[in-house]
Amino acid sequence: GVDSKDKSQGKPRSDVMMLVHLNKTNKSISLISIPRDTRTKIEGRKHKEKINHAFAYGGPDLSLKTVNQLLGTQIPYYMLIDYEVVKDMVDTMGGVQVDIPMEMNYEDTTVGNSLIIHFKPGLQTLNGEDAVKFLRFRKGYKNADLGRVQAQQQFIGAFLRELKKPEQWVKAPVFLAKYQDNADSTIPLSALIQMS
């Protein structure tokens, strides 16, 4: 996951990295989040660096190669998703209900990359813009980046539960169009359709 707004500050880094395993046999999804500050060897670099730097050096291809090297996997596909896709899909769904784990306050008024977050704890329905703010929030978690990873996984679970509701099925062509227009992936479209 990346934020296209970061491009204005030079080469962006990946903001979220997750390994997703879809098991068609038992119809389950497993997620492993890779903390963005994980230090690892990146091809072409002399010393270990944060894994999210791989995206800045070589885009999604180098990011995938770095993840495979770190985990000893042979994952063939990647899916690059901009936060704008998340925003549009959540708005199309009519929002996603998320349990905000704590008070979240953050303000960055940098021109071109403004981010203002103010959430109270508790269950609430987030629109697309607020969903992105929830996903981007970094400060204040007791266990630092791992707390952020847990919050992101919670959001993905809530998003998938909402997506499975029958009233969302009629919106499938809209979701597919948004994905095709705004995501970059090496997963064949036929495979994506089979997975869903």
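## A walk through the fold

The protein has seven helices and ten strands. The model is predicted. There are 196 residues, and 39% of them count as buried. How far along the chain do contacts reach? Take the contacts between residues at least 6 apart in sequence: 54% of them join residues at least 24 apart.

Start with the nonpolar interior. The largest nonpolar core has 27 residues. Val96, Val98, Met104, Phe134 and Phe155 have the most contacts inside it. Several elements feed this core. At least two residues come from each of α2 (83–93), β6 (96–100), β8 (115–119), α3 (128–136) and α4 (145–163). The most come from α2, which gives six residues. Another core lies apart from this one. That other core has five residues, including Val2, Phe55, Leu64 and Leu80.

Phe134 gives a good view of the largest core. Which residues does Phe134 touch, leaving aside neighbours within four places in sequence? The list runs Val98, Ile100, Pro101, Met104, Phe119, Leu126, Ala151, Gln154 and Phe155.

Now turn to the helices. Two packed helices are described by the angle between their axes and the distance between the axes. Take α3 and α4 to begin with. Their axes are 8 Å apart, and the packing angle is about 150 degrees. An angle over 145 degrees counts as roughly antiparallel, so α3 and α4 are roughly antiparallel to each other. On the α3 side, the contact is made by Ala131, Phe134, Leu135 and Arg136. On the α4 side, Arg148, Ala151, Gln152, Gln154 and Phe155 take part. Phe134 and Phe155 appear here again, after their place among the residues with the most contacts inside the largest core.

A second helix pair is α2 with α6, which spans residues 172–182. Here the angle is about 170 degrees, and the axes are 10 Å apart. The pair α2 and α6 is therefore roughly antiparallel too. From α2 come Val85, Asp88, Met89, Thr92 and Met93. They meet Val174, Phe175, Lys178 and Asn182 of α6.

Stay with α6 for a moment. Asp181 is found in this helix. Is Asp181 buried or exposed? Its relative accessible area is 64%, so Asp181 is exposed. Asp181 and Val85 are 96 residues apart in sequence, but their C-alpha atoms are 8.9 Å apart in space. Val85 is one of the α2 residues that meet α6.

Next comes strand β10, residues 183–185, where Ser185 has its place. Ser185 has a relative accessible area of 21% and is partly exposed. The cut-off matters here, because buried means under 20%. Leaving aside neighbours within four places in sequence, Ser185 is in contact with Tyr78, Met79 and Tyr179. Pro60 lies 125 residues away along the chain, yet the C-alpha atoms of Ser185 and Pro60 are separated by 9.0 Å.

Move to the other serine in this tour. Ser30 is placed in strand β2. With 38% relative accessibility, Ser30 counts as partly exposed. Leaving aside neighbours within four places in sequence, Ser30 is in contact with Leu19, Val20 and His21. Ser30 and Leu19 are eleven residues apart in sequence, and 8.1 Å separates them from C-alpha to C-alpha.

After β2 (28–33) comes a loop that runs to β3 (39–40), and Arg36 lies in it. Why does Arg36 count as buried? Its relative accessibility is 16%, and the cut-off for buried is under 20%. Arg36 touches Ser14, Asp15, Lys50, Ile51, Asn52, Arg138, Asp145 and Arg148, not counting residues up to four places away in sequence. Arg148 also belongs to the α4 side of the contact with α3.

Last, look at the rings. How many aromatic pairs does a search of the whole structure find? There are two. Phe137 and Tyr141 form an edge-to-face pair. Their ring centres are 5.7 Å apart, with 75 degrees between the planes. Both Phe137 and Tyr141 are buried. Another ring meets a charge: the charged end of Arg45 sits over the ring of Tyr57, 3.9 Å from its centre.

Terms used. Residues numbered from 1 in each chain as written. Predicted model: local features only at pLDDT ≥ 70, side-chain atom pairs only at ≥ 80, totals over all residues. Heavy atoms only, no water. Phe/Tyr/Trp six-rings, centres within 6.5 Å; stacked < 30°, edge-to-face > 60°. Buried < 20%, exposed > 50% of the residue type's maximum accessible area, 1.4 Å probe, protein only. Lys NZ or Arg CZ within 6 Å of the ring centre and 35° of its normal. Helix = DSSP H or I, 4+ residues; strand = E, 2+ residues; numbered from the N terminus. Contact = heavy atoms within 4.5 Å. Core = buried A, V, L, I, M, F, W, Y, C linked by side-chain atoms within 4.5 Å. Axes fitted to C-alpha atoms, helices over the stretch in contact; angles between N-to-C directions. Parallel < 35°, antiparallel > 145°, perpendicular 65-115°, else oblique.
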